[in-house]
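User: I would like a close look at a single part of this model, followed by an account of several other sites described on the same terms. Please keep the description to what can be read from the model.
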Amino acid sequence: MTPFNDIRDYVGVPRVASLRLSPDGTRLVAVVQALNPDGKSYGTSLWEIPLDERRPYRLTRSLKGEAGAEFTEGGDLLFGSRRPDPTVKDPNEEVPALWLLPAAGGEARQVASRPGGVTGFATGGQTVVFGSDVLPGDEAGEAERRTTRKDAGISAILHESYPVRYWDHDLGPGEPRLFAGTIGDDDRLTEVRDLTPQPGKALTNASYDVTPDGSTVVTTWAVPLSHGELRFDLVAIETSNGGARRTLATQDGHDFEGPIRVSPDGRLVACARGNHADTTRIPENTLWIVDLATGEGHAAGGELWPADVAWAPDGRSLYVIADEQGRRPIFQVPADGSEPVRLTSADAAYSSLNVAPDGAVYALRSGVNAPPAPVRVAADGTVEELASPAPSLELPGTLTEVTTTADDGTTIRAWLVLPEGASAENPAPFLLWIHGGPLSSWNDWSWRWNPWIMAQNGYAVLLPDPSLSTGYGSEMIRRGWANWGPRTHADLMSITDAALELPEIDATRTAAMGGSFGGYMANWLAGHTDRFKAIVTHASLWNLDQFAGTTDASMYWQREFGLPGTELYEKLSPHLSLAEISTPMLVIHGDKDYRVPIGEGLRLWWDLQRSGVESKFLYFPDENHWVLKPGNAVVWYETVLAFLAQHVLGREWKRPESLS
């Protein structure tokens with residue numbers, strides 16, 4: 001028996017979310033997500049991972065859970081939590097505050113709170129920089145203004161610039177600001193000051209880091225442009241001297257974004273620089289290194305798209321994780337721009353980089369066939385597994401690869417999950433699962449959409465990286481740029497044909513599914529082929545003209561497609577092929593999805609109904625782009641499996657018990 005036998009067991013498996021190493025390299029802490037006692041939601045807690053052979057142990061326990069972890073210079077552990085503080089009479093205790101767990105032992109104590117909560121934090125020297133949402137106006141009157149607004153029953157937000165929403169929440173009426181305080185002998189941070197009065201939306205979803213001496217915070221800074229456009233600059237803000245701010249890096253048509261990492265000597269800053277693409281120019285993202293004193297910058301790492309970055313102790317190189325050929329290795333990148341060297345060699349995906357003073361890298365290692373677990377990577381690339389707070393999982397099948405050549409000569413590869421017992425005598429039904437993004441890759445474990453649950457139920461699952469996938473060089477993106485449907489469809493059919501030639505797979509029982517961009521492609525397949533018995537489409541784009549103006553980041557998508565109503569919308573919108581759809585479809589959408597708004601799901605559902613296509617609509621009023629609540633995740637998997645069983649396996653439709 002494995003957790004994949006019962007989806008309720010699967011959603012209850014603890015998950016390691018991130019790691020943080022102490023400055024002296026002697027302590028490693030993990031943020032672990034697990035079911036709350038009520039079984040209806042997830043909570044997080046901090047766990048110590050001993051660097052010897054002892055077992056991990058839990059550091060924090062609270063009903064509200066903990067978020068994030070950051071060590072101070074002295075080895076104390078900072079974290080965010082909504083837990084009440086019995087020693088502080090705080091009217092803001094329902095919002096997250098900043099807490100400190102002493103290295104010497106003892107109870108955690110609250111060290112900073114704000115009426116708008118504490119959202120993110122970083123340290124340098126004795127300085128702690130943290131974010132908080134503040135209503136416009138004088139910072140000192142923040143609590144009173146919030147009370148007045150609440151008592152008056154006001155929820156309205158007046159916007160004068162774009163954007164207005166992000167992912168699943170509204171932006172405003174408050175504005176994100178950065179504050180700095182000093183760690184001292186007192187119970188709470190002292191000399192707390194507002195570093196960014198009246199920033200507008202400049203710090204929305206900002207990424208930042210603090211210099212080792214605590215004198216400067218380097219952060220992304222959103223600059224509004226005409227016609228709803230945005231540009232992200234890199235700015236340096238002094239944590240004293242009134243928060244003096246200067247622009248560190250700016251360039252028309254480019255964004256400087258996270259991850260932001262200051263070098264150990266405080267001289268250099270690493271970030272990601274990306275260009276503003278258009279209908280003919282593909283996006284490019286590169287590691288960018290800036291001199292903190294002069295602002296001079298240069299690229300490093302070649303075509304690597306940095307997903308996470310950490311400086312080596314001597315500041316002469318960086319460790320970078322980036323997609324490559326269906327994996328996400330760690331690379332060592334010289335800061336002078338020389339060629340990067342791949343450090344790790346296994347079929348794995350790394351995340352949450354931390355570098356010890358001796359140069360060893362602590363990280364989470366995962367893969368399509370393994371959930372994240374902590375490891376230590378030596379300078380020669382040797383990987384040592386560490387004890388994990390989460391269990392390892394026995395998988396109900398095997399993982400292999402499939403490759404083929406597309407019609408234009410490009411090599412297309414995919415992971416293939418085969419269920420136990422699949423053979424030429426007992427071929428498995430086939431499920432094509434298309435990744436989102438579209439700039440993404442099937443190279444990591446997924447708790448949201450897990451192919452091993454499908455394998456447990458007998459399906460062979462193909463996880464392809466078609467055009468627009470990352471980790472294959474710029475040409476793979478160029479092939480599908482501004483040509484989503486036709487080019488990606490051809491790649492998917494090529495790799496599907498290759499997989500169906502395997503004797504372990506039943507080519508007569510097939511289905512396709514995907515979410516986000518994968519949902520777009522599921523809709524596209526529905527209108528351009530009838531080879532599949534069923535199609536599942538989650539959080540999917542249906543009418544591109546409608547989507548491009550209602551998503552939470554219209555400026556990004558309209559760079560690729562142009563203004564609504566122009567040629568590409570007519571060429572690429574799946575809804576224009578409605579008349580060709582005959583395959584049964586399961587439509588899934590969440591009402592809190594602002595990336596692909598619910599209007600896409602509602603319009604698709606109505607169009608299918610009007611056209612007489614056999615279909616069902618699984619609707620989540622309280623979910624966003626993903627389905628995150630444990631109970632809803634059970635419903636998602638059970639409904640998808642029931643729909644596939646009906647149309648692929650020929651069984652009678654059985655309404656999932658979880659929906660009763």
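Does R231 count as buried or exposed, and at what relative accessibility?

Analyst: R231 counts as buried, because its relative accessibility is 12% and buried means under 20% relative accessible area (exposed is over 50%, partly exposed in between; 1.4 Å probe, protein chains only). The model is a predicted one, in which local features need pLDDT of at least 70 and side-chain atom pairs count only at pLDDT 80 or more, while totals for chains, interfaces and linings use all residues. Residues are numbered from 1 along each chain as its sequence is written, and side-chain values use heavy atoms, with hydrogens and water left out.

R231 belongs to strand β17, which covers residues 230–238; helices (H or I, at least four residues) and strands (E, at least two) are DSSP runs numbered from the N terminus. Its side chain makes a polar contact of 2.8 Å with the side chain of D233. Such a contact is a pair of N or O atoms within 3.5 Å; within protein, one must be able to donate a hydrogen and the other to accept it, and residues adjacent in sequence count only if both atoms are side-chain atoms. When neighbours within four places in sequence are set aside, R231 is in contact (heavy atoms within 4.5 Å) with W221, A222, V223, L225, T250, Q251, D252, H254, D255 and H276.

W452 offers a second buried site, with a relative accessible area of 1%. This residue is placed in helix α3, residues 451–456. The side chain of W452 reaches the backbone oxygen of V368 at 2.8 Å, and V368 is also one of the residues that W452 touches once those up to four places away in sequence are left out. The others are F4, N369, L395, P396, G397, T398, L399, V417 and W445. L399 lies 53 residues from W452 along the chain, and the C-alpha atoms of the two are separated by 9.9 Å.

The nonpolar interior can be described next. A nonpolar core is a set of buried Ala, Val, Leu, Ile, Met, Phe, Trp, Tyr and Cys residues joined through side-chain atoms within 4.5 Å. The largest such core has 56 residues, and L432, L462 and Y520 have the most contacts inside it. Without its neighbours within four places in sequence, L432 contacts L462, P464, L492, M493, T496, A511, A512, M513, L525 and F532. Separate from this is a second core of 45 residues, which includes V417, L431, M454 and I588. V417 has already appeared above, among the residues touched by W452.

Turning to the strands, β13 (residues 175–182) is mostly covered, with seven of its eight residues buried. Strand β10 (residues 127–134) pairs with β13 in the antiparallel sense over eight bridges; two strands pair if DSSP finds at least two bridges between them. Within that pairing, D133 has P176 in β13 as its bridge partner. β13 also runs antiparallel to strand β14 (residues 190–194), to which three bridges join it, and there T182 stands opposite T190.

Another sheet is open and consists of four strands in the order β23-β24-β25-β26, with antiparallel pairing. Its edges are β23 (308–311) and β26 (341–342); each has a single partner strand, so one side of each is left without a neighbour in the sheet. Inside this order, β24 (residues 317–321) and β25 (residues 330–334) pair over five bridges, and Y319 stands opposite Q332 in β25.

Four loop positions have backbone angles worth listing. The peptide bond from Y162 to P163 is cis, with omega near 5°, and P163 sits in the loop between α2 (142–151) and β11 (165–166). A further cis peptide bond joins G437 to P438, with omega about 0°; P438 lies in the loop that runs between β33 (428–434) and α3, the helix in which W452 is placed.

The remaining two positions have positive phi. S516 is not a glycine, yet its phi is about 65°. This serine is found in the loop between β35 (505–515) and α6 (517–528), and S516 is buried, with a relative accessible area of 10%. A539, likewise a residue other than glycine, has phi near 45°. Its loop lies between β36 (534–538) and α7 (544–550), and A539 is buried at a relative accessible area of 1%.
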